[in-house]
Amino acid sequence: MHENGFEDLESELKNLQLGDMYRSRRVVESSQGPRITLNNRELLNFCSNDYLGLASDKRISEAFVKGVHRWGSGAGASHLVCGHTSAHEELEEALADHTGRPRALLYSSGYAANVGVINALLTKGDYVYEDRLNHASLLDGGWISRSQFEWYPHGDVNQLKQALSTIQHNTSRKLIVTDGTFSMDGDLAPIEDLINTAKTTGAWLMVDDAHGIGVHGSNGCGLVDPSIYTTDEVQILVGTLGKALGTSGAFVAGAEPLIETLIQKSRNYIFTTAMPSALAEATLTSLQIAQKENWRRMKLETLIKTFRQGATELGLQLLPSSSPIQPIVVGSPEVALAMSASLESSGCLCTAIRPPTVPEGTSRLRITLMATHTESDVARLLDALELAQSDKMLLSIDGTDH
Ligand SMILES: Cc1ncc(COP(=O)(O)O)c(C=O)c1O
């Protein structure tokens, strides 16, 4: 006889705890930045996606406040009812210009955009090909669409070509989907090869540049630089606003028929409240800052070099990443938790990342750098990593969580 009907959930939760897979939230008591406060203690922050250091920029906060005075706090309805304002229009036009695409369409989050796009474009009888390390939202979009879902091994374009060559039905839609900068590994998708594969097989290519917008390319245009890759080559581009641009939301950029199709058919666009117009105003300011302030990208580049050199001298195994995402794969969840706890006791916050966010056996510290970190912040991180690595008692230290 069940007591409350949730006994099976309780036993699942217990098993997560026993396997070092339980997740819990940390309560942050400060605004975002290279230093954040938890439990009244200031820590150096090495796990945010605020790569350009814009999430707490005063100019963006002021634009947000001004936007609230102009538009109020909420959009009141979906874009298609009466929630779509000139602030959204202006931001969409600026994002289309920034990425060199004819049009852009705002979504409330990157998760919603990815699921919404794939589900609007594909259905039963179509095919979707996804990199094994794609973000969960891209995978969910593929699964929800009811199309035939195929993985290809991470970055393995030959396997992808082979899989595409076996398709019999030429009338089916085929979509290749990839992260631009891989969110948990920091490496870059082989865009050139993916474009060629898509061209020769008649597939569309969708690139989720969530971690590239603002960080890569001239003026932060992202990995899919429009002076190199046209809309005919990368037909579907997704960018998020909550990472380097420091606000929240996402956009899809591409040709007119793509955007109009999404407006007509994308359930995650149609059946949801529009992002607040004030947020659109804040994001427009943030985009202008990200475009102009090249020093932020240059500073990141220098910090990445310093970190990689120091970590290599410590004998740490780095992944081939030139992005601000610099993971250290340690294998088991317990070691990742223990190292994270050790870093925290040295004053550095870096949450452990475990399955299912990453594949089994590849738990890691996902270290991220920000343009607003200093060289001495990175030196402190390297000292903390040295200590964490040599700490013989690591596995007995209580862990932190993702
Ligand atoms: C590659 C990638 N795409 C999409 C998302 C989701 O974006 P958002 O946080 O705006 O929902 C993320 C963020 O976690 C991501 O890493």
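**Backbone exceptions, domain packing and charge pairing in the predicted model**

N39 is exposed, its relative accessible area being 60%, and the residue is placed in the loop between β1 and β2 (41-45). In this predicted model, the phi angle of N39 is near 50°, a positive value in a residue other than glycine. A positive phi is also found at R146, about 70°, although R146 is not a glycine. R146 lies in the loop between α6 (136-144) and β5 (148-152), and with a relative accessible area of 58% R146 counts as exposed, because that value is over 50%. A further backbone feature is the cis peptide bond that joins P355 and P356, for which omega is about 5°; P356 belongs to the loop between β12 (352-353) and β13.

The protein is divided into domain 1, made up of 23-52 + 294-396, and domain 2, which covers 58-291. The centres of domain 1 and domain 2, taken over C-alpha atoms, are separated by 27 Å, and across the boundary 21 residues of domain 1 are in contact with 23 residues of domain 2.

The largest nonpolar core holds 73 residues, of which I176, F307, I367 and L385 touch the most other members. Helix α11 (residues 277-292) gives the most to this core, contributing seven residues, and at least three residues are drawn from each of domain 1 and domain 2. For L385, once its neighbours within four places in sequence are left aside, the contacts comprise F307, L314, L316, I328, L343, L365 and I367. Two of these partners, F307 and I367, are themselves named with L385 among the residues of the core that touch the most other members. A second core, separate from the one just described, consists of 25 residues and includes A113, V177, I236 and V238.

One of the members of this second core, V238, is also in contact with N114, whose partners beyond four places in sequence are S137, L138, G141, M206, D208 and V238. N114 lies in helix α5 (residues 110-121) and has a relative accessible area of 2%, so that N114 counts as buried under the 20% limit.

Side chains of opposite charge can pair when their charged atoms come close. A search of the whole structure finds eleven salt bridges, among them the pair formed by the side chains of E344 and R26, with a separation of 2.8 Å from N to O. This pair links distant parts of the chain, since E344 is found in helix α13 (residues 333-345) and R26 in the loop between α1 and β1 (35-38), 318 residues apart. The two partners fall into separate accessibility classes: E344 is buried, with a relative accessible area of 12%, whereas R26, at 27%, is partly exposed.

Distant parts of the chain are likewise linked by the salt bridge between the side chains of R364 and D185, in which N and O are 3.0 Å apart. R364 is located in strand β13 (residues 363-368) and D185 in the loop between β6 (174-179) and α8 (191-201), the two being 179 residues apart. Here both partners are buried, R364 having a relative accessible area of 3% and D185 one of 14%.

D57 and R59 form another of the salt bridges, the closest N and O atoms being 2.9 Å apart. At 10% relative accessibility D57 counts as buried, while R59 is partly exposed, with a relative accessible area of 37%. The pairing extends further, for salt bridges that share partners join D57, R59, E293 and R296 into one network.

On the surface, L13, L16 and Y22 form a nonpolar patch whose members together present about 230 Å² of accessible area. L13 is found in helix α1 (residues 7-18) and counts as partly exposed, at 38% relative accessibility. That value also meets the condition for belonging to a patch, because patches are made of residues with over 30% relative accessible area.

How values were computed
Residues numbered from 1 in each chain as written. Predicted model: local features only at pLDDT ≥ 70, side-chain atom pairs only at ≥ 80, totals over all residues. Heavy atoms only, no water. Patch = residues over 30% accessible without salt bridge, like charges linked within 9 Å, V, L, I, M, F, W, Y side chains within 5 Å. Areas by Shrake-Rupley, 256 points an atom, 1.4 Å probe, with all protein chains shown as cover. Salt bridge = Lys/Arg side-chain N within 4 Å of Asp/Glu carboxyl O. Helix = DSSP H or I, 4+ residues; strand = E, 2+ residues; numbered from the N terminus. Buried < 20%, exposed > 50% of the residue type's maximum accessible area, 1.4 Å probe, protein only. Core = buried A, V, L, I, M, F, W, Y, C linked by side-chain atoms within 4.5 Å. Domains from an automatic or database assignment. Contact = heavy atoms within 4.5 Å.
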